[in-house]
2 protein chains.
Amino acid sequence: MKKMRFSLVQKNFTVGGITENANKIISNINEVKNFQPDFILFPELALVGYPPEDLLLKRSFIDKNIEELKRVVNATKGVNSVVILGFVDKEDDIFNSAAVIQNGEMMGVYHKILLPNYGVFDEKRYFAAGTTPLSVDYDGVKVGISICEDIWVPNGPATDEALSGAMILLNISSSPYHFLKGLAREEMLRVRASDSRAAVVYLNSIGGQDELVFDGHSIVVDESGKIIGKGPDFEESILTVDIPISTIVNANLHDPRKRERKGEITVQSVSAKVYKDEENRPKIEVMNSIPLQLEEEIFKALTLGVRDYVRKNGFEKVLIGLSGGMDSSLVAAVAVEALGKENVVGILMPSIYSSQSSVDDAQKLVNNLDIKAYTVSIKNVFDSYLKALNPIFSNTKPNITEENLQARIRGNYLMALSNKFGWIVLTTGNKSEMSVGYATLYGDMAGGFAVIKDLYKTMVYKVARWYNSNKKREIIPENVFIKPPSAELKPGQVDQDSLPPYDILDTILDLYVEKDFSLNEIVELGFDEETVKKTIEMVDKNEYKRRQAPPGVKLTIRAFGRDRRLPITNHYKQ
Amino acid sequence: MKKMRFSLVQKNFTVGGITENANKIISNINEVKNFQPDFILFPELALVGYPPEDLLLKRSFIDKNIEELKRVVNATKGVNSVVILGFVDKEDDIFNSAAVIQNGEMMGVYHKILLPNYGVFDEKRYFAAGTTPLSVDYDGVKVGISICEDIWVPNGPATDEALSGAMILLNISSSPYHFLKGLAREEMLRVRASDSRAAVVYLNSIGGQDELVFDGHSIVVDESGKIIGKGPDFEESILTVDIPISTIVNANLHDPRKRERKGEITVQSVSAKVYKDEENRPKIEVMNSIPLQLEEEIFKALTLGVRDYVRKNGFEKVLIGLSGGMDSSLVAAVAVEALGKENVVGILMPSIYSSQSSVDDAQKLVNNLDIKAYTVSIKNVFDSYLKALNPIFSNTKPNITEENLQARIRGNYLMALSNKFGWIVLTTGNKSEMSVGYATLYGDMAGGFAVIKDLYKTMVYKVARWYNSNKKREIIPENVFIKPPSAELKPGQVDQDSLPPYDILDTILDLYVEKDFSLNEIVELGFDEETVKKTIEMVDKNEYKRRQAPPGVKLTIRAFGRDRRLPITNHYKQ
């Protein structure tokens, strides 16, 4: 044997859709078998979708997954490739597992050994840990199997498999996206390959699932750490790659590091049959996708996140409140990219404090995106509230109450149209606002999906700038980039009346929210103490608002939500 | 030595309030030392509050806790009792720990060995597990130390301590309440004691923390399994108990079961000094609180949950929308009990569909509770919305949109008063409604704390009935018990137009939501298939609403929230 062929099925599966996932798996096997790959890989938990969360506590769910696995196994009759498929195995307990299937037979099962229980992961809540690495013996070549976390830990199961003689390490993952995660994975996998003197075949799923986006970016790395194939980011694809075997064998003869520890390792082994006619396999063209720049990566993550949340939850159209500001402009652009302009509806809801230029900017955006939009003033409804509440408020002065009320009337308009026409509302708040609570609960926070809630304001501008330049025309009007951000809820209001400048605010937030720097540590970096203190206080005291926010796409290394679980009741002061 | 004396400080600590907690701990030590106890116990993580969640990922938080621990240790100079105190220990990793302190010295530290990572618990996210049980040698008697989960598991660390010779097992806990949990704990601890031929001294904290309530109900059990002291439920208290030693020694001589396995166990041991003058200790009166009936237990859990959420978050007054229905009536009663009538404000917000009897019932309740209340009609505001939206809605028929709009106007009134006067809004939805989504997002779901969100409608009636009879007068008007429940959002509407009868609905929900029974399993119990199917579908598709609901008191074994983590995007169909 000169080369081994691997097909990596980088596809989008749906949590809970066990039967539809099984159908998709079967049809992908039938499609890809024409390339006569030696191995066909499907992502971690592809059969049930990832992460299934507490569905894993339902016995009927586990049983259904076993039943559908059997159907997939049967469907591989006559398929000579070895199929590696993520599912939930059930013995005396349940395991995050990879089935090894060939020609209608279950050859073996690998149980994930390292279960992540940090960040967004809760795998120790659900799964028992596997204990023994697994290699598939294929035509005299050992191929190690592992699942996601198993290869992230140095000296973990993948390393053990290499030490026991595996020349190729397969890893199936469902690894969620954050900024530049794809590149971080590449680096790690290249080191793992060259450390192990083994090729690494790494498959990641793609798709959006509530707050998570899986970015694909599957890669194949040779034993020297060189990338020899790469799947696209945020898109479905099948990546088929040939790996030359003799160079790996040679490399291992020249590098004796693995020999000395070989005896220490216990690895299970299963033998696969070899049917292939190597000479007569169809030729393949290897994909090697170009890395995206950060802004494009973010835009694509948002697009996939919106499309999957909307479609997988059964909606056709979305509704967006357009203020003429940057946040709602970018969200509308993402929505059009994700769903098509015919599925995006805008609504302008001016008040007496809305500037004409804001209304004009919103209208320009509507025209440029060529979407349908309504205009409904909030003035009369606002007046009717003030009148109704007057007996109670008569001795008080206007304050934040009246500002919030306007935002909440808009929230009600959005929800009324949502209820009437079955459209899902996309909210438009960014991470800077979500962090410090510069948003109205049940007002601008009202909706089904908070598209950019994990994108800082400074990055919102950068992504919008990239978007216009990628489209090669001014879709988001230039004036939106230039004018100072404002909520326009009272005369002459701008965001910077209440908040530090966004470049400073966003840096402080990144340090505090994502990196858990303390007040003193941030001040030591040169920031003004009062500003840092005020910012931290705002972040802490607005936990209650975030808890009632709709989900949105995780983009940063630490999004609000399952990534950052802080108590609302909290007397800790920095 | 004839007797050993234990003081169990069943007090309310606050998450994050490390300095205030330390002050409270020091003042409690000074108060209780007059009884000359041999041991003084504080709850699990008393120093930092439980559960601190991701505060544990902040280094400054851990450091502060170590600093305050030192202050507590210093404050024990001259105190002869051995103090057992829950804190976060930091070595090469962090541990959920019990400090053993005496007379200004740290004698030893126990690290919790069994870390719960199910239900509401995420301890494997934060802590490294301890490896070795710990006994304190006190005047020749071995006293085993353990933390919460360590004693819930048969043959766990507490059992190991007993096998290695401990005659008394101390366990410090922060064990959250659910229906009848106190009695379940009692049973478990009595069996653990008699199985181990050791007395068990079990301390639980009390207090509310976001969705959790800790119920106290600390108990001391002798080596035969008999309860010899019990703290109150849901109240602060110090329980001091004397345990006779000779009967335990005798019991162990007569029961050789422990001898045979003694050699197997590795236990660390620290020696405490004995200063006491047993003859001259002040006499104590042992508390043995009477068990509560379920309805009273629930009412007290709600009262404590509301009081602590409101007060610990810095609010004085609460605002409640009063419809004249049962849910808002019970919530108002709980609020008055928790905060005093002067801190509860009601608001009646009638529409054209509100019946006169509902308005009368709400007004009667206001009078009976003697609280302040406002009345503001929603009619004119509703009309102004219909007018504003008419250009868009002109070709549509009235549907759920107009019903939700009314609920949302009420939500806006509540939030406007909240913003204007700084009152926190209590929402009034019950678990039956939360389960099936029979509630309006941003409408009746708008507010800071959802008091009865984990109480099924049928139980709401029972608790209300208990409340009136406990108060020995008709505070909640009798008519509220008699009339059919209705949202009154369109003419003649009653809940049972849209939902199965509540007794059937609640039973199905209990089986599906709390016990994860499948559709078929519920139907096999004799329920109508269509009803079960419809109910399950409603539960599944309303996950998105619950995700935006305010927190509320966990009462059942499985509340919505951190207890039940289901995806919103979910194609799993029973």
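**Figure 1. How much of chain A is buried, and what are its overall dimensions?** In this predicted model, 55% of the 574 residues of chain A count as buried (20 or more other C-beta atoms lie within 10 Å of the residue's own, whereas 12 or fewer make it exposed and anything in between partly exposed, with C-beta atoms placed from the backbone). Chain A holds 19 helices and 20 strands; these are DSSP runs numbered from the N terminus, with helices (H or I) of at least four residues and strands (E) of at least two. Its C-alpha atoms fill a box of roughly 85 × 50 × 50 Å along the principal axes. The radius of gyration of chain A is 27 Å, which agrees with the value near 25 Å for a compact globule of 574 residues (it is taken over C-alpha atoms, and the globule rule is 2.2 Å times the number of residues to the power 0.38). Among contacts in chain A with a separation of 6 or more, 74% link residues 24 or more positions apart; a contact here has the two C-beta atoms, placed from the backbone, within 7 Å.

A quick note on reading the labels: residues count from 1 along each chain as its sequence is written, while chains are lettered from A and ligands numbered from 1 in the order in which they are written. As this is a predicted model, local features need pLDDT of at least 70 and side-chain atom pairs count only at pLDDT 80 or more, but totals for chains, interfaces and linings use all residues.

**Figure 2. The two chains and the axis between them.** Turn chain A by 180 degrees, with a shift of 0.0 Å along the axis, and it lies on chain B with an RMSD of 0.0 Å (least-squares superposition on the C-alpha atoms of residues with pLDDT of at least 70 in both copies). The two copies are thus related as by a two-fold rotation axis. In chain A, Gln548(A) has the C-alpha nearest that axis, 2.1 Å away.

**Figure 3. Where chain A touches chain B.** Here 65 residues of chain A are in contact with 64 residues of chain B. Several helices of chain A each supply at least two residues to this side, including H2 (59–75), H8 (294–312) and H11 (379–393). Which helix gives the largest share? That is H12(A), with twelve residues. Since 98% of the interface residues of chain A are also interface residues in chain B, the copies meet through the same surface.

**Figure 4. Helix H1 of chain A and its buried face.** H1(A) has 15 residues and reaches 21 Å from first C-alpha to last, close to the 21 Å expected at 1.5 Å a residue (the expected span is 1.5 Å times one less than the number of residues). Its buried residues include Ile18(A), Ala22(A), Ile25(A) and Ile29(A). Seen down the helix axis, the buried residues of H1(A) fall within an arc of 105 degrees, so they line one face; the arc is that of the directions from the axis to the C-beta atoms. Among the elements covering them are strands E1 (3–10) and E3 (82–90) of chain A.

**Figure 5. Helix H6 of chain A, with two sides to look at.** The buried residues of H6(A) are Gly182(A), Arg185(A), Leu189(A), Arg192(A), Ala193(A) and Ser196(A). They cover an arc of only 95 degrees around the axis, which puts them on the same side of H6(A). Turned away from that side are the exposed residues Ala184(A) and Glu187(A). The cover over the buried residues includes helix H5 (157–163) and strand E8 (168–173) of chain A. Just after H6(A) comes Arg197(A), with a positive phi of about 50 degrees.

**Figure 6. Strand E6 of chain B and its two partners.** Four of the five residues of E6(B) (residues 134–138) are buried, so the strand is largely enclosed by the rest of the structure. E6(B) pairs with E7(B) (residues 141–147) in the antiparallel sense over five bridges (pairing takes at least two DSSP bridges), and Leu134(B) stands opposite Ile145(B). In their hairpin, which has two residues between the strands, Asp139(B) takes a positive phi near 55 degrees. Five bridges also join E6(B) to E15(B) (residues 268–272), this time running parallel, and Tyr138(B) has Ala272(B) as its bridge partner there.

**Figure 7. Phe234(B) in its loop.** Phe234(B) sits between strands E13 (227–230) and E14 (237–244) of chain B. Is Phe234(B) buried or exposed? Phe234(B) is buried, with 26 other C-beta atoms within 10 Å. Leaving out residues up to four places away in sequence, Phe234(B) touches Ile206(B), Asp215(B), Gly216(B), Lys300(B), Ala301(B) and Leu304(B).
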